[in-house]
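User: I'd like a close look at one part of this chain, please. Could you walk me through it and then place it in the whole?

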Amino acid sequence: VEGFPLTVLEAARCGVPSLGPDTLGINEAITHERTGVLFAPDDPEACARAILNLANDPIKRDALGEAARESSLTMTAQRSATILLDLLDTHCTNTSS
């Protein structure tokens, strides 16, 4: 399981919007209907609809891809690390005590 999906950032840098389940990490990398599309993780039909909607709507696909590319320009390695550490701090607890 990838905590912060680098493939989403790589796609964004290339101007490609991403689709993914609305789960921790993915929803930090994809802004729904701005840089890509999020869908319920337990809804394969929603995933299929998202794929087909982008496949059949080149104007929306291009707009999301351009917004994703613009957003990726501010994503440095340091910022990515900070986001990941913030996620871990927020959602993980120290179980060694």
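What span should the 15 residues of helix α5 (residues 77-91) have, and how far apart are its end C-alpha atoms?

Analyst: Happy to take you through it, with the reminder that this is a predicted model. At 1.5 Å a residue, helix α5 should span 21 Å, and its end C-alpha atoms are indeed 21 Å apart, so expectation and model agree.

Now for the two sides of this helix. The buried residues of α5 are Ser80, Ile83 and Leu87. They cover an arc of only 65° around the axis, which means that they sit on the same side of α5. A general rule helps here: an α-helix has 3.6 residues a turn, so residues three or four places apart point the same way. As for what lies over the buried residues of α5, the cover includes α1 (6-13) and α2 (26-29). Turn to the face directed away from that buried side, and you will find the exposed residues Ala77, Gln78, Leu85 and Asp89.

One of these exposed residues, Asp89, also gives a sense of distance within the chain. Its C-alpha atom is separated by 33 Å from that of alanine 48, a residue 41 places away along the chain. Alanine 48 belongs to helix α3 (residues 44-55). With a relative accessible area of 35%, alanine 48 is partly exposed, because it falls between the 20% limit for buried and the 50% limit for exposed.

Helix α1 comes up again if you look at α4 (residues 58-72), where serine 72 is found. Serine 72 has a relative accessibility of 4%, so it counts as buried, the cut-off being under 20%. Beyond its neighbours within four places in sequence, serine 72 is in contact with Leu9, Ala12 and Arg13.

Stepping back to the whole, the chain has 5 helices and 2 strands, and from the N terminus these elements run α-β-α-β-α-α-α. Its C-alpha trace spans about 55 × 30 × 15 Å along the principal axes. Of the 97 residues, 31% count as buried. Taking contacts between residues at least 6 apart in sequence, 51% join residues at least 24 apart.

Finally, the surface and the charges. The accessible surface of the chain comes to about 6300 Å², and carbon and sulfur atoms account for 57% of that. There are 7 positive and 14 negative side chains, with the centres of the two sets 8 Å apart.

Key:
Residues are numbered from 1 along each chain as its sequence is written. This is a predicted model: local features need pLDDT of at least 70, side-chain atom pairs count only at pLDDT 80 or more; totals for chains, interfaces and linings use all residues. Side-chain values use heavy atoms; hydrogens and water are left out. Helices (H or I, at least four residues) and strands (E, at least two) are DSSP runs, numbered from the N terminus. Buried means under 20% relative accessible area, exposed over 50%, partly exposed in between (1.4 Å probe, protein chains only). The expected span of a helix is 1.5 Å times one less than its number of residues. The arc is that of the directions from the helix axis to the C-beta atoms. Contact means heavy atoms within 4.5 Å. Accessible areas come from the Shrake-Rupley method with a 1.4 Å probe; for residues, only the protein chains shown count as cover. Lys and Arg count as positive and Asp and Glu as negative; His and the chain ends are not counted. The place of a charge is taken as NZ of Lys, CZ of Arg, CG of Asp or CD of Glu.
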